[in-house]
Amino acid sequence: MDLYFSPFSCSLATRVTLYELGLPANFQQVNLYNKTLAADGTDYLKVNPKGQVPALRTDDGLILTEAAAVLQYVADLDSAHRLAPAPGTVKRSILQQWLNYVATEIHKGVFATLFNPVSPPEAKAFARGTVLPLRYTYLSQYLKGRDYLLDDFSVADAYLATTLNWASMVGVDLSAWPVLQGYLANIMQRPAFARAVQEEAALRQPH
Ligand SMILES: N[C@@H](CCC(=O)N[C@@H](CS)C(=O)NCC(=O)O)C(=O)O
């Protein structure tokens, strides 16, 4: 299995999932600015024409993309269903509900705009000042008194924590949402998450 990743991007959640499950993988770093592989400069668009991470090359040679799909695929490699409820159950639908919420309302709805160097200032101000507080207030209410989005740690937590970790990178002070700050701190101390963060910090390229 090959995971195409960029340090601290949304692909971190898949790395965390692999580490949580103890699954072996080759990690292929992608330079998202010029869409090349960091190892040899070859064209990443030939791997994933979308030019985005994560992409996962399965042991069968299939390329899977879209974080929500990749995360569920990896979780399902563990037959004990530790990180995703069993397929076909309503709990799996609830997991998908959360993965979709994180992908669309948090990742794309807020951070894609804040990270994009060419987003208009008005778009950034709207994402930061209006959308993010709405989403974080909702999440704070939901997570109050809970450790995880589902009953136990799941791939949805790996994804949400990956995005919460971006807050400080764009100058959002998470202390305004103490429930989210506590939730993130709890997940960051998981050995798999801590290891992923430590390893990707060492791979960060200056840009
Ligand atoms: N729809 C994709 C979006 C993935 C995505 O936005 N990845 C970012 C990194 S977090 C990326 O590759 N950005 C580079 C680009 O969009 O060109 C998914 O859900 O996986």
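User: Where is Arg 82 found, and what makes Arg 82 partly exposed?

Analyst: In this predicted model, Arg 82 is found in the loop between H2 and H3. The relative accessible area of Arg 82 is 45%, and since buried means under 20% and exposed means over 50%, the value falls in between, so Arg 82 is called partly exposed.

User: Which residues does Arg 82 touch, if residues up to four places away in sequence are not counted?

Analyst: With those neighbours set aside, Arg 82 touches Glu 20, Leu 21 and Phe 153, where contact requires heavy atoms within 4.5 Å. For Leu 21 there is also a backbone value: the C-alpha atoms of Arg 82 and Leu 21 lie 8.3 Å apart in space, although the two residues are 61 apart in sequence.

User: Which residues of helix H2 are buried, and what covers them?

Analyst: In helix H2, which spans residues 67-76, the buried residues are Ala 67, Val 70, Leu 71, Gln 72, Val 74 and Ala 75. The cover over the buried residues of H2 includes helix H1 (12-21), E4, strand E5 (63-65), H3 and helix H5 (155-164).

User: How do H2 and H3 pack, in angle and in distance between their axes?

Analyst: H2 and H3 pack at an angle of about 140 degrees, and their axes are 10 Å apart. Roughly antiparallel needs an angle over 145 degrees and roughly perpendicular needs 65 to 115, so an angle of about 140 degrees makes the packing of H2 and H3 oblique. The crossing of H2 and H3 is right-handed, and in the contact Ala 68, Leu 71, Gln 72 and Asp 76 of H2 meet Arg 92, Leu 95, Gln 96 and Leu 99 of H3.

User: Why are H3 and H4 called roughly antiparallel?

Analyst: The angle between H3 and H4 is about 150 degrees, with the axes 8 Å apart, and because angles over 145 degrees count as roughly antiparallel, the term applies to this pair of helices. H3 passes H4 in a left-handed crossing. Among the residues that make this contact are Trp 98, Tyr 101 and Glu 105 of H3, and Arg 135, Tyr 138 and Tyr 142 of H4.

User: How many aromatic pairs does the structure hold, and what makes the pair of Tyr 4 and Tyr 44 tilted?

Analyst: The structure holds twelve aromatic pairs. In the pair of Tyr 4 and Tyr 44 the ring centres are 5.7 Å apart and the planes stand at 40 degrees; the centres are within 6.5 Å, and the angle is neither under 30 nor over 60 degrees, so the pair counts as tilted. The pair links distant parts of the chain, with Tyr 4 in strand E1 and Tyr 44 in the loop between strands E3 and E4, 40 residues apart. Both Tyr 4 and Tyr 44 are buried.

User: Why is the pair of Trp 98 and Tyr 138 called stacked?

Analyst: The planes of Trp 98 and Tyr 138 are 25 degrees apart, with 6.2 Å centre to centre, and because pairs under 30 degrees count as stacked, the pair takes that name. Trp 98 belongs to helix H3 and Tyr 138 to helix H4, so the pair ties together parts 40 residues apart in sequence. Trp 98 has 4% relative accessibility, which is under 20%, and therefore counts as buried, whereas Tyr 138, at 36%, is partly exposed.

User: Which residues do ring pairs link into a cluster, and what lies over the face of Tyr 142?

Analyst: Ring pairs link Trp 98, Tyr 101, Tyr 138 and Tyr 142 into a cluster. Arg 146 lies over the face of Tyr 142, at 4.0 Å from the ring centre.

Terms used:
Residues numbered from 1 in each chain as written. Predicted model: local features only at pLDDT ≥ 70, side-chain atom pairs only at ≥ 80, totals over all residues. Heavy atoms only, no water. Phe/Tyr/Trp six-rings, centres within 6.5 Å; stacked < 30°, edge-to-face > 60°. Helix = DSSP H or I, 4+ residues; strand = E, 2+ residues; numbered from the N terminus. Buried < 20%, exposed > 50% of the residue type's maximum accessible area, 1.4 Å probe, protein only. Lys NZ or Arg CZ within 6 Å of the ring centre and 35° of its normal. Axes fitted to C-alpha atoms, helices over the stretch in contact; angles between N-to-C directions. Parallel < 35°, antiparallel > 145°, perpendicular 65-115°, else oblique. Left-handed = near helix turned anticlockwise from the far one by under 90°.
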